[in-house]
Amino acid sequence: MGVKISAIVITMTHLPLVKLTAMTLALTCFAGTAAAQEAVKIATVDLLKVFDSYWKTKLSNDQLKERGTDFDKARVGMIDDINLLREEYNRLNASSKDPANPEEKRADDREKAQGKNLEINRLEQQIIDFNQNAQKTLADRTRGLRKDRLEEIQEVINAKARELGYDLVVDSSQDVVLPRTPTVLYTNSKNDITKIALAELNKDAPEIPDPISTPIPEQESKPTPDPETTVNESPIPPPGTRTPPPDNYPEPTTSPGPFVVPASVENVFKIIFGHATTMVGYDMTTEGKPMILLSEPGDGQVHNFESNPTTLPLLNDGKWLYVDYPGIAIGCIYVALVIREPNTGNMKLPEKWLQENFPDFSQYAVPYWKGFCAPAAFGNVAWALRGKHPNLNPARIFDLDVDATPSLKANMLVGGIKAIPHPDSLAGLMNTKKEGGTNTRGMINGVGEYFRKNDSAEWKIHEPQYLRPTQLLENLRRESSRGAGIVLGMLWGNPAMEDEEKGGALMVVCERNPAQEVDETEPVEDEPKPPGIFYVFGAIILAATTVGLFVILARGRRS
């Protein structure tokens with residue numbers, strides 16, 4: 001398809017030559033003035049090397065590549081939809097002109113063909129809008145990530161310079177791709193702090209886990225570390241402190257106020273999520289550094305129907321269990337909803353686990369969805385259940401055509417595409433507000449109502465229980481390894497706890513009772529569709545977008 005948007009990476013900008021000259025003159029004057037008093041200590045740092053070798057820069061580049069891949073998949077999905085509509089239009093149009101058909105049928109097919117043609121025109125415009133939005137989204141994302149990484153690097157360099165007693169730190173890097181006049185013409189490197197800065201920046205880098213596959217039950221289990229022994233190098237803010245969400249995640253809709261989780265279950269149920277996500281596995285192989293695998297509604301623009309987990313570190317302060325998102329965002333798990341079938345068997349907990357049958361739905365898949373993280377998070381669970389329980393297939397629930405695309409089914413399941421939220425969608429059942437999101441009770445009631453309306457078996461919600469982080473993680477590992485669906489409700493930051501003796505995260509279990517189950521219909525299979533002519537059109541637009549962004553970044557490096 002030519003140059004993909006996923007090939008774009010963030011790069012560092014440099015000072016223009018006029019600023020370099022001014023800085024050099026200022027440095028000379030400063031050194032001359034200070035010489036009469038005391039020697040000026042000057043350090044050098046290869047800022048380009050620091051930037052490129054910083055682990056979060058690499059992580060940011062991976063995120064950009066994933067976003068580019070998401071755009072590619074989304075375009076193919078829209079092409080599939082248009083191809084299906086064109087086939088249906090051609091069939092109806094031919095039928096409307098067939099003299100062998102009665103006049104009434106020809107008139108009816110002619111009207112239906114006109115409707116299909118209008119839908120085709122709408123989707124064609126949607127592809128154009130999508131590619132324009134792809135350009136803006138990726139450009140904004142690139143600038144934001146570059147700015148964040150440079151600010152983090154600047155903070156570390158400033159701290160190290162103060163620690164080592166330097167008066168000035170000068171950039172000694174030389175751009176080998178776009179040569180420029182270097183800031184430093186000569187240095188003996190005795191006062192170079194590049195390695196020192198990199199060591200400080202990369203000390204919190206998580207170890208990359210081995211590829212995870214579903215393990216056999218015989219694997220040995222490793223005990224979960226106690227809070228006192230858990231390595232917690234990423235800072236947890238003080239109790240009662242909020243953190244902003246990760247880049248491009250929706251800002252919290254609740255007004256500022258006391259950041260406290262109440263002791264009453266009823267009042268906990270009133271909390272509006274900062275974010276909701278789906279746990280699909282874990283990795284405990286590195287001692288003291290537990291990792292959680294998420295089907296994360298907030299990190300992509302389109303639905304992914306294959307297993308595509310996001311792996312993030314877990315933190316534990318003895319009161320809460322946290323998910324350490326990129327940047328300064330900390331997600332405090334205050335509620336966990338477990339959706340399971342009866343399972344009384346005992347098994348040793350594996351050290352690594354991945355539920356490969358879970359998709360990765362996006363809360364941004366439809367432009368008018370807002371605050372739909374909870375419906376998207378449970379949508380991952382509902383989609384996995386449909387394979388075993390055909391009554392839960394969205395094609396049956398929403399009376400969709402047998403050839404409806406997976407994207408259409410997922411969109412209807414999560415929130416709908418015309419009347420938003422659709423009353424039978426998860427967002428509709430959870431009473432999700434476009435601006436206000438979903439509260440805890442709304443999610444739990446919505447899940448119960450979804451099963452009541454659509455499943456042939458009864459589902460029971462057990463009495464909630466408060467759990468401390470070590471016990472919570474142990475329970476989540478056990479439920480995940482047994483195949484349960486798990487939706488985590490989080491608040492951004494470190495909320496205070498109203499009752500620290502009895503408090504903790506609330507775990508709610510929703511369990512299926514198959515005793516009254518009736519026969520279910522056969523599931524409708526999802527069949528992949530080949531791309532059509534709009535694939536070339538989309539590729540051209542995205543290739544032009546890529547070239548434009550590269551030129552912008554290249555100019556930034558020259559300037």
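Strands here are DSSP runs of E at least two residues long, numbered from the N terminus. Keep in mind that this is a predicted model.

**Exercise 1. Place Y322 in the fold and work out whether Y322 is buried or exposed.**

Step 1: Find the element. Y322 sits in strand β8, which covers residues 321-324.

Step 2: Check the accessibility. The cut-off for buried is under 20% relative accessible area. Y322 has 0% relative accessibility, so Y322 counts as buried.

Step 3: List the company. Leaving out residues up to four places away in sequence, Y322 touches I236, P313, L314, L315, D317, I330, G331, C332, G493 and N494.

Step 4: Pick one partner and look at the spacing. I236 is 86 residues from Y322 along the chain, yet their C-alpha atoms are separated by 8.6 Å.

**Exercise 2. Do the same for T142: which helix holds it, and is T142 buried or exposed?**

Step 1: T142 belongs to helix α4, and that helix runs over residues 103-164.

Step 2: The relative accessibility of T142 is 4%, so T142 counts as buried.

Step 3: Now go along the chain. T142 and N61 are 81 residues apart in sequence, with 8.7 Å between their C-alpha atoms.

**Exercise 3. Describe how α4 packs against α5.**

Step 1: Start with the axes. Those of α4 and α5 (residues 194-201) come within 10 Å and cross at roughly 120°.

Step 2: Name the arrangement. Angles of 65 to 115 degrees count as roughly perpendicular and those over 145 as roughly antiparallel. The α4 and α5 pair is therefore oblique.

Step 3: Add the hand, which is right-handed for this crossing.

Step 4: Find the residues that meet. From α4 come E152, I153, V156, I157, K160 and L164; from α5 come I196, A197, E200 and L201. Sorted by class, this contact has seven nonpolar, no polar and three charged residues.

**Exercise 4. Repeat the analysis for α7 and α9.**

Step 1: Helix α9 spans residues 406-414, and its axis is 9 Å from that of α7, at an angle of about 125°.

Step 2: α7 and α9 are therefore oblique to each other, and their crossing is right-handed.

Step 3: On the α7 side, look for P375, A376, G379, A382 and W383; on the α9 side, for P406, K409, A410, L413 and V414. The class count for this contact is eight nonpolar, one polar and one charged.

**Exercise 5. How many residues does the largest nonpolar core have, and which helix gives the largest share?**

Step 1: The core has 61 residues, and I339, F378, Y450 and F451 have the most contacts inside it.

Step 2: Helix α7 (residues 373-386) supplies the largest share of this core, 10 residues.

Step 3: Zoom in on I339. Beyond its neighbours within four places in sequence, I339 is in contact with F378, V381, L385, V447, F451, W459, A484, G485, V487 and C510.

Step 4: Look for another core. A second, separate one has 30 residues, among them Y249, I292, V323 and L473.

**Exercise 6. Zoom out: what share of the protein's residues is buried?**

Step 1: Take the elements. The protein has 13 helices and 15 strands.

Step 2: Of its 559 residues, 46% count as buried.

Step 3: Finish with contact range. Taking contacts with a separation of 6 or more, 80% join residues 24 or more positions apart.

Terms used:
Residues are numbered from 1 along each chain as its sequence is written. This is a predicted model: local features need pLDDT of at least 70, side-chain atom pairs count only at pLDDT 80 or more; totals for chains, interfaces and linings use all residues. Side-chain values use heavy atoms; hydrogens and water are left out. Axes are lines fitted to C-alpha atoms, for helices over the stretch in contact, and angles run from 0 to 180 degrees between N-to-C directions. Helices (H or I, at least four residues) and strands (E, at least two) are DSSP runs, numbered from the N terminus. Angles under 35 degrees count as roughly parallel, over 145 as roughly antiparallel, 65 to 115 as roughly perpendicular and the rest as oblique. A crossing is left-handed if the near helix is turned anticlockwise from the far one by less than a right angle, and right-handed if clockwise. Contact means heavy atoms within 4.5 Å. Ala, Val, Leu, Ile, Met, Phe, Trp, Tyr, Cys and Pro count as nonpolar, Asp, Glu, Lys and Arg as charged, and the others, Gly among them, as polar. A nonpolar core is a set of buried Ala, Val, Leu, Ile, Met, Phe, Trp, Tyr and Cys residues joined through side-chain atoms within 4.5 Å. Buried means under 20% relative accessible area, exposed over 50%, partly exposed in between (1.4 Å probe, protein chains only).
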